[in-house]
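This report concerns the surroundings of a ligand and the annotated binding-site positions. The sequence and structure are shown first.

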Amino acid sequence: MTTLVWLQRELRLQHHPALETALSSAAQNDDAVIVAYFHDPKHTVGDANSAWLADSLLDLKQRLANQSGALWLIEGDFAERFQTLLDTYSIKRVHYTFQLGAPFKTLQQTALTICKERNVTLTPFETENWLPYETVRNQSGQPYKVFTPFYNALMQRIGDVEPFDETPLDFRVTARIDCPPEHDRLPQHLSALRNQPWAEKILKHWQVGEVQAWQKVDDFVENRLSHYAHDRDFPALAATSELSPHLHFGELHSRAVLLSLSPLNPDTPTAAAGWIRQLAWREFARAILWHFPDTETTPFQPKFQGFFTPLSEQDEAHQDFYQAWCRGETGVPMIDAGMKQLWETGWMHNRVRMLVASWLTKNADIDWRAGEHWFRHTLVDADPANNVMGWQWVAGCGVDAAPYYRLFNPIRQSEKFDADGRYLRQWLPTLANWRSKRIHAPWISGAQPDLWSETPEPIVDLEASRQRHLEKVQALKQRR
Ligand code: FAD
């Protein structure tokens, strides 16, 4: 009997229960295992994400080949390709790792229907989290909606986090089915995307793949973890791990990362505890999407229904604000630097993500979904759970609500978290030679106008728009 291991976002060889179980049962029964990734261009996350995906698949393919295995890369309409594979190879069992959000939800539903029709056993394996979602609930049995209690509950149960079987995989023990040539190369859609200059540029900043990801974990733990709590909010310091795309693509299992930090040991250094708390935000985002799947597209807090006008229904001025924001031309240095970093590297520092999201949703009064959409297109780590939670959190309509406090002042934030302007100079050529403390708001300084002449004034008045937003929130409160 042949088992299919269907990969989505778990592009690794270690810590992979779906793959391990298939191999060990095949070894016992002299069965075959096909490991496949289906690429349907209609169901992708975003372009930067797909560029990373291309390299990650090639890396995994090579590593599997080194271990006498093969990764089949199957391109085309998912439903059509999936059923053809099942029928052609008389596959009776499919293993996959459950994934949250779009496009995975749709693909998993399609796979379920196809398997049911054919009497094929479709087995979902644990998703990429520390503890099963159902087991972390409050005393009334409800899911947590605020981070800190969720985190405390998670930490209380941390001893229940299951270790992995670390036995290396062995493909030589299974019966062999050769990978047909048409499935032995990168899907054309991914290949074309990967070869675009923008993708080339972005990927120069990254080392894609499982081995590289673990090297990065080691490097971070050795060299940066001890400063993390202190430095993590300063975008110029590169003090965070930058592991988010590796975690999104499952090159790392988040549980394996957690276990590598020995959190079960009460003497875990405080520095590691600070980082574990940040990793727990990812667990929280996933738990929220699991329990409240509609929040992928609708506000977590129902009272915010209709609060944001869809971008397509807004006037030309708002369309222009959005375009300027995407291009990093709002005239506010910290916002523009963040948007340039995103375009150049496919990644943005967490503090700056909060600031650009706040500017878009609160100062420019644009629907959080439009911002989420641009991030999805341009982030290499674009992730259905983290992205949506981040946007809703900042917009004030999500979990952990506090709409007033997250109306960030991007100038004050810039002065606080990039006091010497290093981050601004790095990403904004027009400010590269600007040494003045006034770099955070050049239009106020009145000095050196030649250096800040391209967008001399912010396109949205920060104070007036702040007031307007507060009035809008006030009106919302009064309506209830
Ligand atoms: P570190 O500080 O080293 O943290 C380690 C890991 O913990 C991260 O890689 C990430 O997996 C997780 N993590 C850290 N902070 C958060 C957080 N606030 N929420 C959820 N997980 C977190 N993260 C994504 O992975 N994908 C996204 O699409 C995404 N979109 C975001 C959009 C907005 C508007 C905001 C405010 C945040 C978003 N985040 C997203 C969360 C966060 O900004 C990134 O995870 C973080 O910047 C990644 O950098 P790092 O790996 O160096 O993080």
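In which loop is A382 found? In this predicted model, A382 is found in the loop between α16 (368–378) and α17. Y228, by contrast in element type, is found in helix α9 (residues 225–231).

UniProt, in an unreviewed entry, assigns the feature "binding site" to both residues, the full set being Y228, T240, S241, E242, L243, S244, W275, D381, A382 and D383. These positions span 156 residues in sequence, and their farthest two C-alpha atoms are 22.9 Å apart, so they do not all gather at one spot.

The table sets out two of these positions.

| Residue | C-beta neighbours within 10 Å | Class |
|---|---|---|
| Y228 | 18 neighbours | partly exposed |
| A382 | 24 neighbours | buried |

A382 is buried because 24 other C-beta atoms lie within 10 Å, where the cut-off for burial is 20 or more. Leaving aside residues within four places in sequence, A382 is in contact with V45, G46, A48, N49, F375, R376 and N387. With residues up to four places away likewise not counted, Y228 touches A239, A271, G274 and W275; W275 is itself one of the annotated positions.

The ligand is surrounded by 27 residues, of which the closest are T240, S241, S244, N387 and G390. Elements giving two or more residues to this shell are α10 (244–248), α12 (270–291), α15 (350–363) and α17 (384–395). By class, the shell comprises 12 nonpolar, 9 polar and 6 charged residues. Among the closest residues, N387 is also a contact of A382.

Key:
Residues are numbered from 1 along each chain as its sequence is written. This is a predicted model: local features need pLDDT of at least 70, side-chain atom pairs count only at pLDDT 80 or more; totals for chains, interfaces and linings use all residues. A residue is near a molecule or strand if its C-beta atom, placed from the backbone, lies within 6 Å of it. Helices (H or I, at least four residues) and strands (E, at least two) are DSSP runs, numbered from the N terminus. Ala, Val, Leu, Ile, Met, Phe, Trp, Tyr, Cys and Pro count as nonpolar, Asp, Glu, Lys and Arg as charged, and the others, Gly among them, as polar. UniProt positions are given in the numbering used here, feature names are shortened, and annotations may be inferred rather than shown by experiment. A residue is buried if 20 or more other C-beta atoms lie within 10 Å of its own, exposed if 12 or fewer, and partly exposed in between; C-beta atoms are placed from the backbone. Two residues are in contact if their C-beta atoms, placed from the backbone, lie within 7 Å.
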